[in-house]
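Me: Please take a close look at one part of this model with me. I am new to this, so explain the terms as you go.

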Amino acid sequence: HNAFYFHDNITSLTIPYCVTSIGNNAFWGCSSLTSITLPDGLTSIGDYAFYGCRALTSITIPDGLKSIGYGAFWNCDALTSITSKNTTPPTIGNGYTFDGVNKSIPVYVPKSSVDAYKSAYGWSEFTNIQAIDETASSIIDSTTDSITVRINGNEIVVEGTDNYTVYSIAGQNLGKTESVEKGIYIVVVNGKSYKVIANK
């Protein structure tokens, strides 16, 4: 509780994975905080946790989050977008949770959950709820040990080794296939996995 209460010189923060809940008033009045990275293990955000964090421009809610407390983002009036990876809309404490936040900013949620957010208490106030664009990162260059995995149009290019296997997102072994259809693929090279996204 009150962990960083009125710490007005913090500008960005990454909360470690082991944190499962953010206490009440934790970042109340951290007026310089422009970005915060919430951990995947987080299950709850307490009351007034980010109240008055007026420099915060965007927030990404991890997919395990169950609840957001009273007034948690009250007066976070610089927010330009909210992304929730959670297929089930987290429960909202009360009507003040997002009070003062512009309700026309884009709220990005999983494609299958757009309607659920549009009808969920608190979330339904937002007028611009959209599906997360999973094709935004069409080129992922992962370089390890001079091995590069990338996508070129609809071809998977692996440089630096011949020892690789391509899998569909459903886990189907596609061997050393190079030409792929639109979608997400996992390329396993020497036991390491690389995710590539084909847009074409």
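**How the strands pair**

Reply: Let's start at a turn: N152 has E155, in β13, as its bridge partner. This is a predicted model, in which local features need pLDDT of at least 70, side-chain atom pairs count only at pLDDT 80 or more, and totals for chains, interfaces and linings use all residues. Residues are numbered from 1 along each chain as its sequence is written, and side-chain values use heavy atoms, with hydrogens and water left out.

A strand here is a DSSP run of E with at least two residues, numbered from the N terminus. Two strands pair if DSSP finds at least two bridges between them. β12 (residues 147–152) and β13 (residues 155–159) are joined by 5 bridges and run antiparallel. Together they make a hairpin with 2 residues between them, and G153 in the turn has a positive phi of about 65°.

Now for a parallel case. β9 (residues 107–109) runs parallel to β10, with 3 bridges between them. Y108 has Q130, in β10, as its bridge partner.

These two strands belong to an open sheet of 4 strands, ordered β5-β7-β9-β10, with parallel pairing. β5 (58–61) and β10 (129–131) are the edge strands, each with a single partner, so one side of each has no neighbour in the sheet. From one strand to the next, the twist averages 20°; such angles run from 0 to 180 degrees between the N-to-C directions of lines fitted to C-alpha atoms.

Both kinds of pairing share one principle: strands of a sheet pair through backbone hydrogen bonds, either parallel or antiparallel.
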